[in-house]
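Biologist: Could you give me a close look at one helix and the aromatic contacts, keeping it to what the model shows?

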Amino acid sequence: GHRVARAVAMSVAIDAKAFVGGSTRATALARPRRACRAVRASPSCCRASIGRTESDDETKATPSRRDALLGLVSVVAGVVTTTPSEANASLKLTPTGLDESRRFFQTFPPLWEPYFGWGERITIKRELVPDTIWSLEQEQALGVLAMNIRCTVVKLKSTDGLVVFSPQAPTKEFFTLLDELGSVEHVVLPTYAIEHKVWLPALSRRYKAAKIWVADGLWSVPLNLPNEFLGIKPSGVLVPSNVDRLFPHTEKNNETETRKENPQPPWLDELEYKVLRVDTAGTNPYIETVFLHKASRSLLVTDLVFSIPTDPPEVIDRNRLLNLAPNDPKDAPAPLTTENLRAGWAKASLVVSFLGPKGQTQITEGEFKGKLLWEDGWEGSFGKIENRLLPSPILRTLVFSKGKGPTKRFLDELEGDWGGKFDQIIPQHYDAPVQGTAADVRNAFSFLEASDFLTGLSTLGSELPVEEMGTLLKVNDALEFVGLGRGSE
């Protein structure tokens, strides 16, 4: 549930084309409120049942995947209003008019453009560590909303070959820029998040000799299919530290147990890894592998933490930002100025972070139906989250706060084993590299030590604007209503 909700962030309160078809509202949100620590402590804008232990409520059976998906559609419907007349913008069956070097075909229907068919993405290459680590960035967009998504590439000192983390849309431009860096020897899938793994089969088909390493326990939706069925043939899996890396699984055959050997990457002396796994945030686990590049003192992460810059990344379409910059959509697009680009970027980042910021509403009728109307005050909220190392508010709410135990143990291990070994962080969204140490990562998660979720919103080091949390907490309530992510300490 947490991953789909995170993807929904790209579509909330914006022209979401025809994903749910109409302006249906989720009935799940109308259930009677349960008394819990967070509800009793909550202000009027934030009532949610986060922070309970397994014994706080009556035990519920784990829902089927079908139930879970129906519940998620209900959640999406509750926070998205669509504009069906624009549906064709995200369904393109021919490549007409698209740049041949930047076009790609999307067969899996995700929650970003295009939902299906031909799309177009610019790829921008940036050198993050001289002659060692690069970023290949693309834009992940929905309507006027957008964020950057990064494929991180590391050159091995031992072979001069490349390790590619989370490949992006397989355009000619992407492959050309990647090939300029060297020979692809390894591809890594560090997380289950769809936007970071959906393009792996295309890369593996192009670089057939490359070895593929995936985090153990990855799953797929709507059906949990084997990796091989999805076109992913792993050379080995990456497992948590409490699991035997070489023999993580025991297989039974006619009552005979055999231990199947699990090869490990040959570059662990240059790139070590650790795995965070949270099993209490939904029907499937949250899994993320982080890497320590020893020579450059860099921590490579996917979604664990990020830092939203004041200025929009170069890859973001400026027209999107200028259309979002004015408080009233009748004034769009705004003139091309640094101030207006920053305004559009700030608003997009607030919607992506909080699903539905307090200061924005959606126009329900007239010429600008479906567009956003903003109140003054959004600048203050963005100022509280920009240029800071923090976990995504969505993952904080729907994953980390529901799996305090495994998250804290992971942070203990990170600080105990890698403390003093890195001083910069390379996430796969927003800014990179970001200055940060193991202690800084720990500080960004200080909310885990709070007595309840809402108290954690004001915990030193991990503060969030409480006034922006209302919609996100309603999403959490809706997910829990359908049996997803009830959490555990």
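Modeller: Sure, here's the helix, then the rings. This is a predicted model, where local features need pLDDT of at least 70 and side-chain atom pairs count only at pLDDT 80 or more, while totals for chains, interfaces and linings use all residues. Residues are numbered from 1 along each chain as its sequence is written, and side-chain values use heavy atoms, leaving out hydrogens and water.

Helix α11 covers residues 404-418, 15 residues in all, and reaches 20 Å from first to last C-alpha, close to the 21 Å expected at 1.5 Å a residue (1.5 Å times one less than the number of residues). Helices are DSSP runs of H or I, at least four residues, and strands are runs of E, at least two, numbered from the N terminus. Its buried residues (under 20% relative accessible area, 1.4 Å probe, protein chains only) are K404, G405, T407, F410, L411, L414 and W418. They pack against β13, β14, β15 and α12, with contact meaning heavy atoms within 4.5 Å. After α11 comes G420, with a positive phi near 80°.

Now the rings: W118 is partly exposed at 21% (between 20% and 50%). Y286 and F400 pair edge-to-face, 5.6 Å centre to centre with 80° between the planes (Phe, Tyr or Trp six-membered ring centres within 6.5 Å, planes over 60 degrees apart). Y286 sits in β14 and F400 in the loop between α10 and α11, so this pair ties together parts 114 residues apart in sequence. Y286 is buried at 0%, and F400 is buried at 0% too.

Technical notes
Rings of Phe, Tyr and Trp (its six-membered ring) pair if their centres lie within 6.5 Å; planes under 30 degrees apart count as stacked, over 60 as edge-to-face and the rest as tilted.
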